[in-house]
Amino acid sequence: MKEQRKKNVATKSVKKSTSSNIPEEIIEIILLKLPSIKSLVRFKAVSKSWNTIISDPLFIQNHLHSSNNSHLLFPI
């Protein structure tokens with residue numbers, strides 16, 4: 001029983017540190033590269049910080065702009 005509890009605590013700390021090790025700017029860049037809005041809506045459930053990023057009006061504007069320019073070889 002104690003071993004299982006230790007394993008759960010260790011797993012929780014790893015999950016928590018993994019999500020905080022990636023800078024928010026990098027996560028935003030990755031999310032901006034997603035082609036579909038359907039994916040973004042699904043990823044809002046990943047965490048509060050992802051939800052905040054995806055719901056931000058500036059992010060929405062940037063995503064729309066990047067998706068409109070995705071057909072260009074060299075985006076303006």
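## Phe43 and the aromatic pair

Phe43 is partly exposed, because its relative accessibility is 27%. The model described here is predicted, and a search of the whole structure finds 1 aromatic pair. That pair joins Phe43 and Trp50: the ring centres are 6.1 Å apart and the planes stand at 85°, so the arrangement is edge-to-face. A pair of aromatic rings is described by two quantities, the distance of the centres and the angle of the planes.

Trp50, the partner of Phe43 in this pair, has a relative accessibility of 23% and therefore also counts as partly exposed. Phe43 also appears among the contacts of Leu34.

## Overall fold and surface

The secondary structure of the protein consists of 5 helices and 0 strands. Along the sequence the pattern reads α-α-α-α-α. Helix H1 covers residues 2–21 and helix H2 covers 24–32. Helix H3 spans 37–43, helix H4 residues 48–55, and helix H5 residues 57–68.

The protein has 76 residues, of which 13% count as buried. About 6600 Å² is exposed, and carbon and sulfur atoms supply 63% of that area. Of the contacts between residues at least 6 apart in sequence, 41% join residues at least 24 apart.

## Confidence

The mean pLDDT of the protein is 76, and 63% of the residues score at least 70. Confidence is highest in helix H4, at a mean of 94, and lowest in H1, at 51.

Over residues 9–18 the pLDDT stays under 50. For this stretch the model has 0 contacts beyond four places in sequence.

## His63 and its surroundings

Is His63, a residue of helix H5, buried or exposed? His63 has a relative accessible area of 3%, so it is buried, the cut-off being under 20%. Leaving out residues up to four places away in sequence, His63 touches Leu31, Leu32, Leu34, Pro35, Ile37 and Leu40.

One of these contacts, Leu34, lies in the loop between H2 and helix H3. Leu34 and His63 are 29 residues apart in sequence, while their C-alpha atoms are 8.5 Å apart in space. Beyond its neighbours within four places in sequence, Leu34 is in contact with Ser39, Leu40, Phe43 and His63. Leu40 is thus listed both for Leu34 and for His63.

## Ser67 and Lys33

Helix H5 also contains Ser67. With a relative accessibility of 30%, Ser67 counts as partly exposed, because the value falls between the 20% limit for buried and the 50% limit for exposed.

Ser67 and Lys33 are 34 residues apart in sequence. In space, the C-alpha to C-alpha distance between Ser67 and Lys33 is 8.2 Å.

## A nonpolar surface patch

Which residues form a nonpolar patch on the surface? The patch consists of Ile22, Ile26, Ile29 and Ile30, which together have about 350 Å² of accessible area.

Ile22 is placed in the loop between helix H1 and helix H2. Its relative accessibility is 41%, so Ile22 counts as partly exposed. Membership of a patch requires over 30% relative accessible area, and the 41% of Ile22 is consistent with that cut-off.

Key:
Residues are numbered from 1 along each chain as its sequence is written. This is a predicted model: local features need pLDDT of at least 70, side-chain atom pairs count only at pLDDT 80 or more; totals for chains, interfaces and linings use all residues. Side-chain values use heavy atoms; hydrogens and water are left out. Patches are made of residues with over 30% relative accessible area and no salt bridge: like charges are joined within 9 Å, nonpolar side chains (Val, Leu, Ile, Met, Phe, Trp, Tyr) within 5 Å. Accessible areas come from the Shrake-Rupley method with a 1.4 Å probe; for residues, only the protein chains shown count as cover. A salt bridge is a side-chain nitrogen of Lys or Arg within 4 Å of a carboxyl oxygen of Asp or Glu. Helices (H or I, at least four residues) and strands (E, at least two) are DSSP runs, numbered from the N terminus. Buried means under 20% relative accessible area, exposed over 50%, partly exposed in between (1.4 Å probe, protein chains only). Contact means heavy atoms within 4.5 Å. pLDDT is the predictor's confidence in each residue, from 0 to 100. Rings of Phe, Tyr and Trp (its six-membered ring) pair if their centres lie within 6.5 Å; planes under 30 degrees apart count as stacked, over 60 as edge-to-face and the rest as tilted.
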